[in-house]
Amino acid sequence: MASAGEAALQSPAETYRVHYLNAKYGIKSWLLTTDHKRIAWLYFFSTTFFFIVGGVAAAMMRLNLIEPQGFLVEPDTYNKLFTIHGTVMIFFFLAPAVPTVLGNFLIPMMIGARDVAFPKLNLLSWYIFMTAGTCFLYTIIAGGVNTGWTFYTPLSTSYVNTHVFSAAMAVFISGFSSILTGLNFIVTIHKMRAPGMTWSRLPLFIWALYATSFIFVLAMPVIAITMVLVMLERVFHVGIFDPALGGDPVLFQHLFWFFGHPEVYILILPSMGVMSELITAFSRRRIFGYGFVAASSFGIAIISFLVWGHHMFVSGESVYAGIFFSAMSMLVAIPSAIKVFNWTATLYKGSVSFEAPMLYAIGFIGLFTIGGLTGVFLATIGLDVFLHDTYFVVAHFHFIMVGGAIMGYMGGLHFWWPKMTGKMYPDYWARLAAFITFVGFNLTFGPQFILGFEGMPRRYAIYPARFQLLNIMSSAGASILAVGYLMPMIYLAWSIKYGPDAGPNPWKAKGLEWETESPPPVHNFESTPVVTEEAYAYGTEPARAVAVSS
Amino acid sequence: MSSEADATILKTSTASSKAHALTVPEQFDDATQQHAAASLGMWVFLATEVLFFGGLLASYTIYRYLYYSAFMIGSHHLDVVWGATNTAVLICSSLTMAMAVRAAQLDKQKHIVFFLVLTLIFGLIFLYIKFFEEWWGEYKEGLAPIHFTYAGLHAPHVELFMFFYYVLTGLHALHMIVGCGIMITLIIMTLRGKFKGGRFNPIENAGLYWHFVDIVWIFLFPLLYLIGGRY
Amino acid sequence: MAESIAIAHAEKKRIYVLVWVTLLCMTALTTGVAYIDLGPWNTVAALAIAIFKASLVVLFFMHARHSEHLVRIVIVCAIFWLLILIGVSMTDFSTRNRVSHPTWFRTNQPSVFHHLEGSPY
Ligand SMILES: [Cu+2]
């Protein structure tokens with residue numbers, strides 16, 4: 001790859017430079033750091049760990065499903081596996097991944113700040129996150145929990161005898177970590193922008209994370225209090241969710257999905273922000289319709305709070321409420337579609353190049369579109385009655401979460417890796433990994449659409465023999481997908497030691513983060529940058545930031 | 001109104017070079033930026049608190065709608081006089097808290113301590129009434145959900161009401177206890193001279209928190225004690 | 001210098017005391033109104049007084065009167081999302097016992113739907 005080679009040529013001339021990675025050494029300098037860039041690394045390692053935990057659970061499930069009678073585990077263990085998979089992936093990998101790794105690293109750099117507004121709070125968020133994670137790991141080791149990640153009542157409060165309490169406690173604690181992160185980001189974006197960094201010049205990644213933080217702050221407290229109610233009900237059994245004692249289990253579903261649906265957008269919005277950065281950088285064009293893409297992030301964030309009942313069409317919810325939720329769910333497709341249209345329009349007549357991050361981005365567009373459109377199917381009440389709790393739903397949300405959110409995260413990680421480490425990874429292997437991920441993903445979840453449509457329900461350890469072929473295809477795809485995720489772990493780790501120096505801007509991309517060294521100095525910039533151009537000013541050289549005294 | 005506020009902000013930014021002499025954390029340019037960030041952060045935190053109580057309030061509203069007569073019976077078992085007294089106590093504590101913030105704004109160190117101590121005392125009076133005059137009394141009457149012996153009309157749904165009563169007031173009392181802890185910390189910090197020279201973000205934010213907890217109670221009082229009237 | 005850093009300038013003592021007196025009077029009023037039979041308006045009156053009291057605390061004690069627009073947006077958002085949570089979940093519970101058939105259909109076949117009348121579901 002040309003740019004990496006260039007950087008390698010420059011590197012011998014570079015003298016020893018102090019940056020955030022070598023400014024201090026020792027375990028204490030990491031565990032007590034308040035530097036947003038180092039905290040991003042703390043989150044990177046912890047979320048990657050949880051990704052592996054959730055991935056192992058998924059692998060065991062797919063392995064079990066290659067035979068109709070179950071290949072590996074007892075049905076009850078299977079219930080625990082999908083609960084662990086769901087909870088860990090949602091609360092301990094997907095929700096934190098992009099905001100706390102890429103967001104923590106990039107928000108201050110993109111807006112030209114020295115750090116987030118509250119660095120100590122930022123570190124505290126990580127400790128709270130780790131407390132929650134430890135609590136959930138305890139749950140797994142102590143014997144697991146088998147309610148599904150949704151903790152539906154009265155199953156979770158009255159009927160199961162597994163470790164619901166500690167699992168609910170883990171979710172409760174992790175909520176506070178997210179709240180504090182969201183609070184920190186909102187204040188940072190409002191109050192810490194460099195001179196000249198107006199709202200209309202903000203990178204779209206910042207807009208997306210702003211909308212995400214907005215959801216963090218407004219949705220997470222509701223799941224926290226709901227988990228408190230679940231724990232209280234489990235201990236005292238007063239019947240708040242128990243129909244036998246006058247409670248209403250559907251109330252739990254309302255509270256849960258008031259958080260639960262916006263949570264889906266917590267997962268996808270940050271990756272959408274990454275997409276806007278990738279698409280512009282690799283087609284060397286300004287984003288098509290900046291205002292629309294920025295506003296659609298907010299449109300999604302707001303409407304996402306009005307759609308939650310689409311998870312409850314068959315749970316005894318009022319038909320009239322169902323009509324409202326169905327209409328709102330279709331409405332939320334509009335801002336999502338605006339984004340997809342604008343990314344595609346940005347590609348048009350751009351000088352597109354296909355480095356590894358861009359391959360992930362292209363994959364995102366296709367997979368997210370399929371995931372989004374099948375979401376409109378499921379928002380239709382009549383069709384949802386038929387497809388509810390089948391593999392169609394499983395395939396739909398994995399297209400959003402894996403095909404969308406994780407693709408975006410991987411793309412972003414490959415894009416900013418040279419900035420975070422100062423090293424370049426081998427592009428050939430990265431492109432291959434992106435390709436393998438895409439193929440493996442489609443083979444895993446494509447057949448699940450058909451399985452669901454043919455009537456295979458989700459969350460069962462066994463199934464009728466006629467579904468076996470499609471299940472084997474899905475399991476085979478999962479093993480390919482696993483290779484696609486393992487490869488980056490290897491070559492990214494390799495690049496830290498052996499990779500060529502990346503230089504400040506290996507992609508020739510626009511944005512303040514590319515105008516400082518790689519890895520960045522402790523305070524991000526040698527002096528406070530002044531912004532004079534709008535975002536994505538591709539085709540208008542020279543660089544836009546002029547250093548002035550601070 | 002807002003132009004007036006703008007004028008003060010302008011005044012502060014001209015003074016910011018002087019304020020820079022006060023050491024601000026390295027991520028901020030000056031004390032004005034720090035103050036704006038701290039204040040916004042606190043308000044956003046209070047917004048999350050609204051939704052935190054919101055989950056309970058939504059459940060309460062729904063069950064009150066479904067089981068109105070049972071909730072009325074439950075409500076009539078609570079003591080309005082103590083509830084109203086506690087409301088008044090909290091309103092007094094809000095006044096003293098506001099005066100403490102004002103003293104901090106005017107850099108009157110002794111007044112800060114005086115009003116913070118008063119706020120703390122009012123807070124403790126509230127908690128005393130809550131714990132010993134109310135919760136304990138209702139527990140002895142057999143109305144607490146862990147020890148529920150009431151067997152009159154709509155008993156299961158009255159128990160639901162009492163559950164909401166204990167959880168809502170319990171969560172509120174928890175916030176009060178945290179608030180009292182904050183007061184003690186602030187009193188010590190003030191005595192050590194931490195808020196001299198106009199650095200009073202912590203006092204101001206503690207004030208916002210304290211008033212928020214007061215507002216929660218302002219709503220809890222009619223919602224819990226006054227269902228269906230007392231006539 | 002102290003005043004110059006104070007963005008929310010110190011309020012007059014008189015205003016605080018006035019607000020405090022009003023709040024105490026309102027507490028007495030809301031308790032008193034509970035002893036008068038107003039039917040469903042009892043709840044309305046109690047909530048209206050509570051909203052009025054809360055607004056006084058927010059505007060005067062919390063200085064929302066003088067705070068920047070952003071803070072006001074935060075306040076409005078918090079209230080609005082609370083109303084979404086309560087209001088939209090109530091759309092379910094308040095319409096659940098309505099059967100999704102026209103009235104004439106129900107009145108012509110009372111036996112079919114009789115069990116649904118009057119129950120919360
Ligand atoms: Cu949803």
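**Exercise 1. How many residues of chain C are in contact with how many residues of chain A?**

Before starting, note that this is a predicted model, in which local features need pLDDT of at least 70, side-chain atom pairs count only at pLDDT 80 or more, and totals for chains, interfaces and linings use all residues. Residues are numbered from 1 along each chain as its sequence is written, chains are lettered from A and ligands numbered from 1 in the order in which they are written, and side-chain values use heavy atoms, leaving out hydrogens and water.

*Solution.* Take contact as heavy atoms within 4.5 Å. With that rule, 17 residues of chain C touch 23 residues of chain A.

**Exercise 2. Describe the interface of chain C and chain A by area and by polar pairs.**

*Solution.*
- Start with buried area, the accessible area (1.4 Å probe) that two parts lose on being put together, summed over both. Here it comes to about 1,600 Å², with 74% on carbon and sulfur atoms.
- Next, find who contributes: in chain C, W81(C), L85(C) and V88(C) lose the most area to chain A, together 34% of what that side buries.
- Then look for salt bridges (a side-chain nitrogen of Lys or Arg within 4 Å of a carboxyl oxygen of Asp or Glu). The rule finds 2 across this interface; R96(C) pairs with D248(A) in a salt bridge whose closest N and O atoms are 3.1 Å apart.
- Finally, sort the chain C side into 9 nonpolar, 4 polar and 4 charged residues.

**Exercise 3. Now do the interface of chain B and chain C.**

*Solution.*
- Count the residues: 64 of chain B are in contact with 59 of chain C.
- Get the area: about 5,500 Å² is buried, and carbon and sulfur atoms give 78% of it.
- Check for salt bridges: the count between chain B and chain C is 0.
- Locate the chain B side among the helices (DSSP runs of H or I, at least four residues, numbered from the N terminus). α1, α2 (16-19), α3 (31-66), α5 (80-105) and α8 of chain B each supply at least two residues, and α3(B) gives the largest share, 18 residues.

**Exercise 4. Where in chain B is confidence lowest, and where is it highest?**

*Solution.*
- Use pLDDT, the predictor's confidence in each residue, from 0 to 100. Chain B has a mean of 87, and 90% of its residues reach 70 or more.
- By element, the lowest mean, 39, belongs to helix α1 (residues 2-14) of chain B, and the highest, 95, to helix α8 (residues 201-225) of chain B.
- Over residues 1-21 of chain B the pLDDT is below 50, and this stretch has 22 contacts in the model beyond near neighbours in sequence.

Technical notes
Ala, Val, Leu, Ile, Met, Phe, Trp, Tyr, Cys and Pro count as nonpolar, Asp, Glu, Lys and Arg as charged, and the others, Gly among them, as polar.
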